[in-house]
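This report introduces a structure to a reader who has not met it before. It takes up a surface patch, a sheet and a set of charged pairs in turn.

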Amino acid sequence: IKMRAERIGIVNEACYIYSETNLENIITQITQHGPDLVVIDSIQTIYTETIDSSPGSVSQIRESAALLQKYAKQTGTSIIVIGHITKDGIIAGPKILEHIVDVVLQFEGDNNNIYRILRSIKNRFGATFEIGVFEMRGEGLIEVTNPSEILLSHYDEPLSGIAVGAAVDGARAYLIETQALVSTAAYGTPQRSATGFDSRRLNMLLAVLEKRVGLKMYTKDVFLNFAGGFKISDTGLDMSVVAAILSSYFDRPLNNTTCFAGEIGLSGEVRPAPRSEQRIGEAARLGFRRIVVSGYLRKSLPKPPKGIEVVYINKLEELGRIVFGVSGPSSNPFYCLLKSLREVRPFRLRNRIVTASSPRMATQNSPQAQIAPLEQAVLSQGFGAVLRAGGRETAGRGRKRRDAMTIYPDQPQQRG
């Protein structure tokens, strides 16, 4: 204990340590010294002689906590009782222990991570939605005044599968980086892995993508992770999770000045996230130029802060316009292709080449009029060329062959 106190720089001559487990002896020493603050470590090792049972039993914990509460109320002494927790993260022992005390605080964190969250579970004298973020260093726990800076990574070049979401934990809003990886399943059953996120909710979002948008997620492995190793239960991050999945699915990076805040329902609608005004303010404070929220907030939200644009969407299908940076939903055929993925087979991105096919387009009277705007839109997105299947079929060596036409941005059409 002395070595740890020297390491974290504690110099206090009025700090006393008493190695005792008998509660009667502890109360006697507290009465003699009259300290302002008493720390009991831990309640599971304390016992009283009035109860004939071993330390850590239900009766011993209940009686010891009741005696400490009685002494604290009579003398006005603040007492901090440290308790063990189970593997599930709840306080070990009887539930009566939480009912006796006035405040219940819990540290959350991972052994492989340096950040800890101090969360209020119960507070008779204040709000329970306040949290504190700390960083574990050699000199002790250091307060993190701006958690968003540690949860956002800075890359030299844009990367696919990364989206920034605006989250709220208690009364504190922060931005966190959502990372997703979508790859072709190597085995029959695709893998679903989520770190820091509810895996059941991830499966629900993938089912919504497959049903409402038309993506073939049943053939893909999906891996999800949050930066910093934080465990997130905020449903307002649904839109950032879907945006990261779409970015990895099509292997196209998102705009690094856009963040997302919204909850997604089973029918594909985008619902408002709780405390959306705080999320928008945090995004504006960190220099983000655009935030995507639910369209149901259009009338209720006040004027956004200066320097940030609030984009409203009502359905999940409209997210493709934001993800791929398309300007308008009605005039741009590239967005129309995204919106009609249930009729149009999903295109693949390999080596900056787009391949798309649509039986619905081929059966129309003038397929050239339908495909030509699509080719122009694809070329405008920065792709090198478009390979169009021709309408004439020729027989060759027992099978039919179809003419193909390659269209380049600034070259005449080449048939081959």
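## A surface patch, a sheet and salt bridges

In this predicted model, Leu 37, Val 39, Ile 80 and Ile 82 make up a nonpolar patch on the surface, and together they have about 340 Å² of accessible area. Two strands, β1 (37–41) and β2 (78–82), each contribute at least two residues to the nonpolar patch. One of the patch residues, Ile 80, belongs to strand β2, and with a relative accessible area of 43% Ile 80 counts as partly exposed.

Strands of a sheet are paired by backbone hydrogen bonds, in either a parallel or an antiparallel manner. Here an open sheet is built from four strands in the order β3-β4-β5-β6, with antiparallel pairing. The edges are taken by β3 (103–109) and β6 (140–143), each of which has a single partner strand, so one side of each is left without a neighbour in the sheet. From one strand to the next, the twist averages 35°. Strand β5 (residues 131–137) runs antiparallel to β6 and is joined to β6 by four bridges; Glu 135, for example, has Ile 142 in β6 as its bridge partner.

Side chains of opposite charge can pair when their charged atoms come close. Across the whole structure, a search finds 13 salt bridges, and the table lists some of them with the distance from N to O.

| Salt bridge | N to O distance |
|---|---|
| Arg 124 and Asp 102 | 2.8 Å |
| Arg 200 and Asp 198 | 3.7 Å |
| Asp 234 and Arg 279 | 2.8 Å |

The salt bridge between Asp 234 and Arg 279 links distant parts of the chain, since Asp 234 sits in the loop between β10 (220–226) and α7 (238–250) while Arg 279 is in helix α8 (residues 276–285), 45 residues apart. Both Asp 234 and Arg 279 are buried. Elsewhere, salt bridges with shared partners join Lys 73, Asp 102 and Arg 124 into one network.

Within that network, the side chains of Arg 124 and Asp 102 meet in a salt bridge, and this pair also links distant parts of the chain: Arg 124 lies in the loop between β4 (115–123) and β5, and Asp 102 in the loop between α4 (96–100) and β3, 22 residues apart. Arg 124 is partly exposed, with a relative accessible area of 46%, whereas Asp 102 is buried, with a value of 18%. In the remaining pair of the table, Arg 200 is exposed at 65% relative accessible area, and Asp 198 is partly exposed at 34%.

Technical notes:
Residues are numbered from 1 along each chain as its sequence is written. This is a predicted model: local features need pLDDT of at least 70, side-chain atom pairs count only at pLDDT 80 or more; totals for chains, interfaces and linings use all residues. Side-chain values use heavy atoms; hydrogens and water are left out. Two strands pair if DSSP finds at least two bridges between them. Axes are lines fitted to C-alpha atoms, for helices over the stretch in contact, and angles run from 0 to 180 degrees between N-to-C directions. Patches are made of residues with over 30% relative accessible area and no salt bridge: like charges are joined within 9 Å, nonpolar side chains (Val, Leu, Ile, Met, Phe, Trp, Tyr) within 5 Å. Accessible areas come from the Shrake-Rupley method with a 1.4 Å probe; for residues, only the protein chains shown count as cover. A salt bridge is a side-chain nitrogen of Lys or Arg within 4 Å of a carboxyl oxygen of Asp or Glu. Buried means under 20% relative accessible area, exposed over 50%, partly exposed in between (1.4 Å probe, protein chains only).
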